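Hi,

Here is the model I said I would pass on. Have a look at it first, then read my notes below.

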Amino acid sequence: MMNKLIPATNPIRLITPLAVWQKMMAYVQACPDEINGFGYIQITGENTLYLSDVFILEQTVSGVSTDVDDQALHRHINDMVQAGINTALLRFQWHSHVYMPAFFSATDDACIARYPCEWMVSLVTNKYGEYQAQLDIYRPFKLSLPITVELELSADNRLSDNCSAEVSTKVTRQEVGWFGHVKHAAIRPDDASTPYCFELGGADDGLSQSN
Ligand SMILES: [Zn+2]
């Protein structure tokens, strides 16, 4: 029996660049059966994790299972070591339930319970883009905490420049001076390169699961 704690405040966020989410979903869409993959996660702040990339390895799949080649995983870890990449980044495992609801099954829970590390993030998704994600902490005992995915949208520089130019042309700022006199000034663009996030709805918040 797994206990799932829900923090009253500060839920755990998995910040995911839009391109990384799209890459994972492209793998999911490309495979007619279940598919399994991994990814690199760093802790970037309190209750905040950052998913920098996802990838797949050689595996055998069916409509209800995936079996990753152990040797492929060992080779990948070895390649990371050779390339000087910190293997502790390998904290993310994801898989698809194809057209079935994106909830962790008893098989998934049993698999998650066996990871030989201090903590791990697991995510199950499907071809509709629904998902469920959780952080598992294994010591001193196992805890499973729900995670919300937040997509990080980086600014499109050309779009930002075009819109800044248009705002400068069409929008005037009214400023009231010390003695109440009103003057009008041109808009100076804010820093348009600040990335921003939006929360991605999970599998249990009313998204369609039919068909
Ligand atoms: Zn599953």
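One cut-off before anything else: I call a residue buried if 20 or more other C-beta atoms lie within 10 Å of its own, and exposed if 12 or fewer do, with partly exposed in between. By that rule V98 is buried, because 20 other C-beta atoms lie within 10 Å of it. Keep in mind throughout that this is a predicted model.

V98 caught my eye for its backbone too: phi is positive, about 60°, although the residue is not a glycine. You'll find V98 in the loop between β6 (90-96) and α3 (106-112).

Now the overall picture. The protein has 4 helices and 12 strands. Buried residues account for 18% of its 211 residues. Taking contacts between residues at least 6 apart in sequence, 64% join residues at least 24 apart.

On confidence, the average pLDDT is 87, and 88% of the residues score at least 70. The stretch to be wary of is 205-211, where pLDDT is below 50. Beyond near neighbours in sequence, that stretch makes 5 contacts in the model.

Next, the core. The largest nonpolar core has 21 residues, and the members that touch the most others are L14, V121 and A133. Two or more residues each come from β1 (12-17), α1 (18-30), β2, β3, β6, β7 (119-125), β8 and β9. L14 is a good place to start looking: leaving out residues up to four places away in sequence, it touches L49, L51, V121, A133, I147, V149 and E150. Two of those partners, V121 and A133, are the ones named with L14 as touching the most other core members.

Then the strands around β2. How does β2 run relative to β6? The two are antiparallel and joined by 5 bridges, with N36 standing opposite H95 in β6. β2 also runs antiparallel to β3, through 8 bridges, and here G39 stands opposite V54 in β3. β2 and β3 make a hairpin with 2 residues between them. N47 sits in that turn with a positive phi of about 60°, and N47 is not a glycine either. Is N47 buried or exposed? Neither, quite: it has 14 C-beta neighbours inside 10 Å, so it counts as partly exposed. V98, with its 20, is buried.

Another backbone feature is in the loop between β8 (131-137) and β9 (143-153), which holds P140. A cis peptide bond joins R139 and P140, with omega at about 0°. F141 belongs to the loop between β8 and β9 as well. F141 counts as exposed because it has 7 C-beta neighbours inside 10 Å. Its C-alpha is 10.0 Å from that of E118, a residue 23 places away in sequence.

I also checked two of the helices:

- α2 (residues 70-82): its 13 residues should span 18 Å at 1.5 Å a residue, and the end C-alpha atoms are indeed 18 Å apart. None of the 13 is buried, so α2 lies largely in the open. After α2 comes G84, with a positive phi near 75°.
- α4 (residues 157-170): the expected span for 14 residues is 20 Å, and the distance between the end C-alpha atoms, 20 Å, agrees. α4 is hardly covered, with 0 buried residues among its 14.

What does I187 touch? Leaving aside neighbours within four places in sequence, I187 is in contact with V167, S168, V171 and R173. I187 lies in the loop between β11 (182-186) and β12 (196-199). Its C-alpha is 9.1 Å from that of K170, which is 17 residues away along the chain. I187 itself is partly exposed, because it has 13 other C-beta atoms within 10 Å.

If you only have a few minutes, I'd open these spots:

- the cis bond between R139 and P140;
- the turn at N47, between β2 and β3;
- V98, with its positive phi;
- the contacts of L14 in the core.

Over to you, and thanks for taking a look.

Note on methods
Residues are numbered from 1 along each chain as its sequence is written. This is a predicted model: local features need pLDDT of at least 70, side-chain atom pairs count only at pLDDT 80 or more; totals for chains, interfaces and linings use all residues. A nonpolar core is a set of buried Ala, Val, Leu, Ile, Met, Phe, Trp, Tyr and Cys residues joined through C-beta atoms within 7 Å. Two residues are in contact if their C-beta atoms, placed from the backbone, lie within 7 Å. The expected span of a helix is 1.5 Å times one less than its number of residues. pLDDT is the predictor's confidence in each residue, from 0 to 100. Two strands pair if DSSP finds at least two bridges between them.
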